[in-house]
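The following exercises concern the core, the surface and the charged pairs of one protein chain. Please work through each task with the structure in view before reading its solution.

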Amino acid sequence: MSNFLSISKSAANHIRKIMEDGTGKALRIGLKKGGCAGMEYTMEYVDEISEADEIVEVDGAKVVIAPTAQMFLFGTEIDYESGLLESGFKFNNPNVSETCG
């Protein structure tokens, strides 16, 4: 486990299942301008990893952090929640002071 970023078992299982289906070699996380707090996360499965990417691997799930997002994601935990109405990745970022309602 990395001090840079942590991945819950639930998130790691989901990422690994998708990778096993042949959808990329890693999940890349980045940031783009937008959202109510000024930035929003981007996620995409990729086949190539840049030398500048930070790599975090947990239980066979590989996540790469784009260089422009690294300082914003330090200390973040990625979780995956399944529910009746919605399922998806959740970012628990201690650096975020504002969130949407």
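**Exercise 1.** In the predicted model, which side chain meets that of Asp53 in a salt bridge? Determine also where the two partners lie and whether they are buried or exposed.

*Solution.*
1. The side chain of Asp53 meets that of Arg28 in a salt bridge, with an N to O distance of 2.4 Å.
2. Asp53 belongs to the loop between β3 (39-46) and β4, whereas Arg28 is in strand β2, so the salt bridge ties together parts 25 residues apart in sequence.
3. Both Asp53 and Arg28 are buried, the cut-off being under 20% relative accessible area.

**Exercise 2.** Locate the salt bridge between Lys9 and Asp59 and classify the accessibility of each partner.

*Solution.*
1. A search of the whole structure gives 5 salt bridges; one of them joins the side chains of Lys9 and Asp59 at 3.1 Å, N to O.
2. This pair links distant parts of the chain, 50 residues apart: Lys9 is in helix α1 and Asp59 in the loop between β4 and β5.
3. Lys9 has 58% relative accessibility and therefore counts as exposed.
4. Asp59, at 43%, counts as partly exposed.

**Exercise 3.** Describe the salt bridge that Arg16 forms with Glu20.

*Solution.*
1. The closest N and O atoms of Arg16 and Glu20 are 4.0 Å apart.
2. Both residues lie in helix α1, separated by 4 residues, about one turn of the helix.
3. Arg16 is partly exposed because its relative accessible area is 24%, while Glu20 counts as exposed at 60%.

**Exercise 4.** Identify the residues that touch the most other members of the largest nonpolar core, and the elements that contribute to this core.

*Solution.*
1. The core holds 21 residues, and those touching the most other members are Leu5, Ile7, Ile29, Val63, Ile65, Ile78 and Phe89.
2. Two or more residues come from each of β1 (5-7), α1 (9-20), β2 (26-33), β4 (54-58), β5 (61-65), β6 (76-82) and β7 (87-92).
3. Helix α1 supplies the largest share, 4 residues.
4. Leaving aside residues up to four places away in sequence, Ile65 touches Phe4, Leu5, Ile29, Asp53, Glu54, Gln70 and Leu73.

**Exercise 5.** Which residues make the nonpolar surface patch of about 320 Å²? Place Met71 in its element and classify its accessibility.

*Solution.*
1. The patch is made by Met39, Met71 and Phe72.
2. Met71 is located in helix α2 (residues 70-73).
3. Its relative accessibility is 66%, so Met71 counts as exposed.

Methods. Residues numbered from 1 in each chain as written. Predicted model: local features only at pLDDT ≥ 70, side-chain atom pairs only at ≥ 80, totals over all residues. Heavy atoms only, no water. Core = buried A, V, L, I, M, F, W, Y, C linked by side-chain atoms within 4.5 Å. Buried < 20%, exposed > 50% of the residue type's maximum accessible area, 1.4 Å probe, protein only. Contact = heavy atoms within 4.5 Å. Patch = residues over 30% accessible without salt bridge, like charges linked within 9 Å, V, L, I, M, F, W, Y side chains within 5 Å. Areas by Shrake-Rupley, 256 points an atom, 1.4 Å probe, with all protein chains shown as cover.
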